[in-house]
Amino acid sequence: MFFKKKIKLSTYSFALSLFTLVAFHVPFFMRMGNHLEGGFNSVMLVTMAVLVMLGLDFLFYYLLAWLGRFVGKCIIALTFLADAVMLIGVVNYDVLVTDEIMGCVLKTRYAEVSGFLSWGVVPYMLFFGVLPCIYVFARKVEYGSWKRMLGSVGISLGVILAAVFGNMKNWPWIDRNSTELGSVIMPWSYIVNTVRFYQGERQRNRKEILLPDATSVSDSRDICVLFIAESARRDRFSLLGYERETNRYTAADSVKAYNALSSATYTTAGVKAILEPVDDPELYEILPNYLQRAGVDVWWRTSNWGEPPVHTANYYTFSQLKQRYPQADSRYDGLLLEGLREDIAGSDSTKVFVVIHAYTSHGPSYNTNYPPEFEVFKPVANTVEMSKVTQEELDNAYDNTIVYTDWLLHQVIELFRSFPDRRCCLLFISDHGESLGENNIYMHGIPLSMAPREQREIPMLVWSSDKSLQYKDLPEVGQHHVFHSILRFFGIESPAFNEEMCIFAP
Ligand SMILES: [Zn+2]
C-alpha cells in the first residue's frame, strides 16, 4: 500500500512544500500579479518567488522532521491547521497578516473571533488543514543520516540563494512590495509576525513615562465623557455630510462636528493615540491616569479591549457591568451607560472624567451590534461571508450601527441635562475607520502606509453645556486633540499642553 512504504525525508518534505505552495499561495500570486508589469522581468520575479518559497518550506519541514521526529511532525501539522485559518482570513476578508493583526488574533476575545466563524469555513479546514495533517502523520519516513541531512539542507539553501541573488535588479521592487506580499506567505507571515508582536508588546509594557505635574486652576464642578467608538468612519455621519440620516438623535443637540484623521488603523494603537499627548512609540502617562493624578475622579466602562493600563478602581468591563446590572439588557452597548448617572452623582470629586469604550461598529457581524428597533436601513447583511452579501446590505447593516451610536451619544447628552448645575462636555471620536468593500477590502488593520482613506478618516463630535466655550474652526483634527482639549475643558494647566492641538479657544 501507498502509506506502508517508507519514503525519503527529502521526498516527504518536497511533497509538503509543494502542497503549501499550491494550496496556500493563490492570494500571494494574485497580489503579486497586481504589482507586475509583464515581460521577462515578471517571469524572473515569479520564478524567484516559487523557488524561494519551495526552498524555504522544504528547509522548514525537513529540519523540523529530522530534528523533532514525531514532535516535529506535530508542529508541522499545527502549521497546516494555522495556515488554513489564515487562508480563510486572507481569502474572505483580504486580511494582511501583520504583527498588528497577530496582536488582534492573540489578544482577542472569543466573542470577537466567533464573529468570523460560519459553516463556510468547514470545507476550508477539512481540505487545507485536516487533509495535510493526515498525510503528515500517516506517511512513514526514512529519516536518513547526518550526511544526507546536511546535503539536503545545502542544496535547498543553494537554490534559495541563487534565486535571490539572480534577481538583484528586482530588490527595490521586492522592498516596495514586501510588507504586502510577505504578509500572505504561509506559514512565515504569522510565525514572523507573532514574534514581532511579542517583541513590540515587551517594548510597550515598559513602565509609562510620567508627564510633568499638572495644576488645576478651576474650581467649577465639571463632568466630561469621552466616548471612544469602534470602527466608526467619517463619511457615514450625516453631521459630516452623509446623505443618509444617521445622526437623527443628535441632530437637534447642537453638536459640533470635526473631520478627524486617526493615527492608526487598529484598536490598540488608535486608543493609545486618543489618550496620549503626542505620537510616540514610548508609552507616556495616558489621559485618565494623568487626570487622576491631578485630582479628577476617573471612570472607565468598556465593552471593547486594547487600551493601555488604566489606573482607576472605577474600571468596569462589560461582564462586570452585567453583574452590576443583572436586570439590564446586556446584549448591546447601551449597558455601558446603565447606572452611570448614579456613579457620577455619587462621586465626591468636583471633576469627573468618564471614558466609554464602545464596540458598536465592529465588524464583520454589524447587524448583531444594535437592538432590532435600530434597524432603520433594510435589508441588512446577516452573514460574515462577504461574497454572499450585496454592497447595499453591508452598508445598511453598518449604517444602523452608526444610528445606534448616535442614540447612545444622545443618551449621554440627556444625562448631562439631568445635571443642570454642572459644566458638562461630551467628546466623541473613533479609534480608526473601516473599509466596507472598497477595492475588495473589508474591516481595518491595513498598515498605515498603505491604508485606504476609509480606514483613517474618522469623526470627532463635541457637545458642551458651557456656552462660553468657543470652538476653533479647524479643517481637520487628529486623535491627540482629545488629550489637549480635555485638559482645557477641565481648566488644568500642564507643561504637556499644546495650544495647537486644542479645539477650544483660550
Ligand atoms: Zn478598533
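This short presentation covers the zinc site, one central strand pairing and the nonpolar cores of the structure shown above. Please bear in mind throughout that the model is predicted.

I begin with the metal. The zinc ion takes its donors from Glu-230, Thr-267, Asp-431 and His-432. Glu-230 appears twice in the list of donors, through OE, while Thr-267 contributes OG1, Asp-431 contributes OD and His-432 contributes NE2. The distances run from 2.0 to 2.6 Å. Along the chain, the donors are spaced as E-x36-T-x163-D-H. Glu-230 sits in the loop between β4 (222–229) and β5, and Asp-431 in the loop between β9 (423–430) and β10 (435–436), so this pair links parts that lie 201 residues apart in sequence. Glu-230 and Asp-431 are both buried.

I turn next to the strands that lead into those loops. β4 and β9 run parallel and are joined by eight bridges. Within this pairing, Ile-223 has Cys-424 of β9 as its bridge partner. β9 also pairs with β12 (residues 457–464), here in an antiparallel sense and through five bridges. Phe-428 stands opposite Leu-461 of β12.

How many of the residues of β9 are buried? Eight of the eight are, so the strand is largely enclosed by the rest of the structure. In a regular strand, side chains alternate between the two faces of the sheet. In β9, Arg-423, Cys-425, Leu-427 and Ile-429 point one way, whereas Cys-424, Leu-426, Phe-428 and Ser-430 point the other way. Residues on both sides are buried.

A further loop deserves mention. Ser-263 is located between β5 (256–261) and α11 (267–275). Its relative accessibility is 18%, and it therefore counts as buried. Beyond its neighbours within four places in sequence, Ser-263 contacts Ala-273, Asp-279, Leu-448, Arg-456, Gln-479 and His-480.

Finally, the nonpolar cores. The largest has 53 residues, and those touching the most other members are Leu-9, Tyr-12, Leu-16, Phe-28, Met-32, Ile-76 and Phe-80. Several helices each supply at least two residues of this core, including α1 (9–24), α2 (26–35) and α4 (70–93). The largest share, 14 residues, comes from α3. Where does this core lie with respect to domain 1 (7–204) and domain 2 (217–501)? Both domains give residues to it, so the core lies between them. As for Met-32, its contacts outside the neighbours within four places in sequence are Leu-45, Val-46, Ala-49, Trp-173 and Leu-181. Apart from this core lies another, of 50 residues, with Phe-318, Tyr-325, Leu-337 and Cys-424 among them.

Note on methods:
Residues are numbered from 1 along each chain as its sequence is written. This is a predicted model: local features need pLDDT of at least 70, side-chain atom pairs count only at pLDDT 80 or more; totals for chains, interfaces and linings use all residues. Side-chain values use heavy atoms; hydrogens and water are left out. Helices (H or I, at least four residues) and strands (E, at least two) are DSSP runs, numbered from the N terminus. Buried means under 20% relative accessible area, exposed over 50%, partly exposed in between (1.4 Å probe, protein chains only). Contact means heavy atoms within 4.5 Å. A nonpolar core is a set of buried Ala, Val, Leu, Ile, Met, Phe, Trp, Tyr and Cys residues joined through side-chain atoms within 4.5 Å. Domain bounds come from an automatic or database domain assignment. Donors are N, O and S atoms within 2.8 Å of the metal (3.2 Å for Na, K and Ca); water is not among the atoms, so sites may look incomplete. Two strands pair if DSSP finds at least two bridges between them.
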